[in-house]
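Reader: Before I rely on any of the labels attached to this model, I would like to hear how each of them was reached. Could you take me through the reasoning step by step?

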Amino acid sequence: MSLDHDVLIVGAGPAGAHLAIRLARAGWEVGLVEARRFPRPKPCGEFLSPACLPFLDVLGLLEETRAAGAIELGGMRLHGHGHVAEGTYRAVGRAEVPFGHGLALRREVLDAIALDAAVAEPRVTLHAPLRVGHILRSTSGAVIGLHARDASGGECELRARFTIGADGRQSIVARELGLRSFGRAPARFALVARYSGVDPGPTGELHLTRGGYFAAAPVDSGLFTLNLVVDRRELSSATEGARGHGSLETFLARRIEETSSLAPRLAHAERSGPLHVAGPLETRVRRSTFDGGALVGDAAGFVDPMTGEGIFLAMHGAAHLAASLDTALRASRTDARSLLSYERSRRRDITPRHRAARLLQSGLGRPRVERFLLSLLERHPALTDLVVGITGDYASPLALFSPRTWRQALGRQG
Ligand SMILES: Cc1cc2nc3c(=O)[nH]c(=O)nc-3n(C[C@H](O)[C@H](O)[C@H](O)COP(=O)(O)OP(=O)(O)OC[C@H]3O[C@@H](n4cnc5c(N)ncnc54)[C@H](O)[C@@H]3O)c2cc1C
C-alpha cells in the first residue's frame, strides 16, 4: 500500500497546526487536511491563559502573536450577586506564572499565525479546503487514512501510518470510530459577539447571570469579545415562538441589560460583526487513542469555556501527542498501545482539569452556592489568586483538595 504521508492530521486549528509543526520539525512528512479557508472565524472567548505562552514560545510564535496586537491580561475579575473578586496571575505555592500574564487575540489572527508557520515547514502539505467525510480502515479495523471532498465535490483518498483527529468538538474522526459519549449535564450553548467602544480593563472578566455566565476579554484592534453561556432550556424558553437570529439578538441584549455588573461596561459599545452561536458545548470521548491514530484538542473532549483553557489543552495535547507519535514511528509501530504515553499524559494533566470544570459547572445556576463562593473569594484574595491560577492552567486543580493550600489561601498558618 502506498502512503501519502507519515501522519495525516484532520483539522488545522491550534491542536492540528501545533502538532503539524512539531512532527515536521522531528522529521516526519505531514498532511494537514482542513475543511475551511483561513482566516476563518471561530466562536471563542479569544483568551489565552498564561500557560499557553510557553507553547507559543517554543514554536517561535510568541513574538508574532504579540506583534499581531495581542492584549496582555494580568488576571480575572469575577462578578456576581453584588460581589467582585479579582485574582491576579502570580505564583501560588510552588507554581510560577509563565510570562506573568495571559494574552487575548482574535482567533482568526491567532489560528492563521499557527497555520502559516505549519505551512512554512517543508515537510507539511496543506490539503485545503478539503472536508473529511469518512475514515478508511484495514480489514483488522485499524485506521489507515481518510476519504474527503473538496469545495467542488471532487473526491480523494489519503493514506498514512497515523491519522489524527484534530477536528474540533464535532469531530468526524471520533464519530466515525464510535468514540463519542455523552454527559448527563444539561446541554449548554454559547452566544458570541464582539463590540467596539468598551474600556478594555487590565483583566479578563466573568459576570454571573441567571442560569449561566458572561465571559469577556478585550482583544486586539480595540475590540471586546463577549460570550454568553447558558443552558439550552434558558435559550429555548426565551426564544420560543420567535424565529432565527433576531430572537437570539434580543435574548443577548436583554441578558446584558439585566446583568448589572456588565451593562454599564457596554453602555457606549457598538456591535462589531455577526452574532455566533455554538453548542451543545460539552463533548466526551471514551478514549483518545486507537489503532492507527488518536484524537487531540477539542476532538478528544470539551467541557465548557468558563475556565478558558481549551486552547491550552489543544497546545498541551499537541506537544504530548507529537512526542508519542515520534517514538511510535521510530519503532515502526502504529497500534494504540504505542501511543500509551499520550493517553497517560491526558489522564494525568487533562482529566483533573475536566473534572474541576464539571465541578464548577455543577455550582452554576444555584444562587446560594454562587453567592457563598463569590463572597468567600471577595474576602480572600489569595484564594481568588489560586482559583485564577488553576483556570490560568499553571496551578494544579488538585491544589483545591489540599487542606494546606486552603489554610494558606485563607490566611492561616500552614
Ligand atoms: C464559546 C466558546 C468560547 C471559548 N473561549 C475560550 C477561551 O477564551 N480560551 C480558550 O482557551 N478556549 C476557549 N474555548 C475553547 C477553544 O475554542 C477550543 O478549545 C480550541 O479552539 C480547540 O482547538 P482545536 O484545534 O482542538 O479545535 P478547533 O479550533 O475547533 O479547530 C478544528 C478545525 O478542524 C476543522 N475541521 C472540522 N471538521 C473537519 C472535517 N470534517 N474535515 C476537515 N477539517 C475539519 C475545522 O474547520 C477547524 O478549523 C472556547 C470555546 C467555545 C465554544
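**Labels and the reasoning behind them**

Author: Let me begin with proline 280, which lies in the loop between strand S17 (270-278) and strand S18 (284-285). Please keep in mind throughout that this is a predicted model.

Reader: What makes the peptide bond between glycine 279 and proline 280 a cis bond?

Author: The omega angle of the bond joining glycine 279 and proline 280 is about -5 degrees, and the bond is listed as cis. A cis peptide bond also joins phenylalanine 38 and proline 39, where omega is about 0 degrees, and proline 39 has its place in the loop between strand S2 (30-33) and strand S3 (47-48).

Reader: Why is glutamate 46 called buried or exposed?

Author: Buried means under 20% relative accessible area, and glutamate 46 has 2% relative accessibility, so it counts as buried. Glutamate 46 is found in the loop between S2 and S3, and it has a positive phi of about 65 degrees although it is not a glycine.

Reader: And why does serine 221 get the label it has, buried or exposed?

Author: Exposed means over 50%, and with a relative accessibility of 54% serine 221 therefore counts as exposed. Serine 221 sits in the loop between strand S15 (212-218) and strand S16 (223-231), and its phi is positive, at about 60 degrees, although serine 221 is not a glycine.

Reader: What makes valine 109 buried?

Author: Its relative accessible area is 18%, which is set against the cut-off of under 20%, so valine 109 is buried. Valine 109 lies in helix H4 (residues 107-119); from phenylalanine 38 it is 71 residues apart in sequence and 9.4 Å apart in space, C-alpha to C-alpha.

Reader: How do you know that the end-to-end distance of helix H9 agrees with its number of residues?

Author: At 1.5 Å a residue, the 24 residues of helix H9 (residues 340-363) should span 34 Å, and because the end C-alpha atoms are 34 Å apart, the two values agree. H9 nevertheless bends by about 40 degrees at isoleucine 350, with proline 352 following within four residues.

Reader: What makes the pair between aspartate 298 and the ligand a polar contact?

Author: A polar contact is a pair of N or O atoms within 3.5 Å, and an N or O atom in the side chain of aspartate 298 is 2.6 Å from an oxygen atom of the ligand, so the pair qualifies. The protein buries 94% of the 1,000 Å² that the ligand exposes when taken alone.

Key
Residues numbered from 1 in each chain as written. Predicted model: local features only at pLDDT ≥ 70, side-chain atom pairs only at ≥ 80, totals over all residues. Heavy atoms only, no water. Polar contact = N/O pair within 3.5 Å; in protein donor to acceptor, adjacent residues only side chain to side chain. Areas by Shrake-Rupley, 256 points an atom, 1.4 Å probe, with all protein chains shown as cover. Helix = DSSP H or I, 4+ residues; strand = E, 2+ residues; numbered from the N terminus. Expected span 1.5 Å × (residues − 1). Bend = angle between axes of the 7 residues up to and from the residue. Buried < 20%, exposed > 50% of the residue type's maximum accessible area, 1.4 Å probe, protein only.
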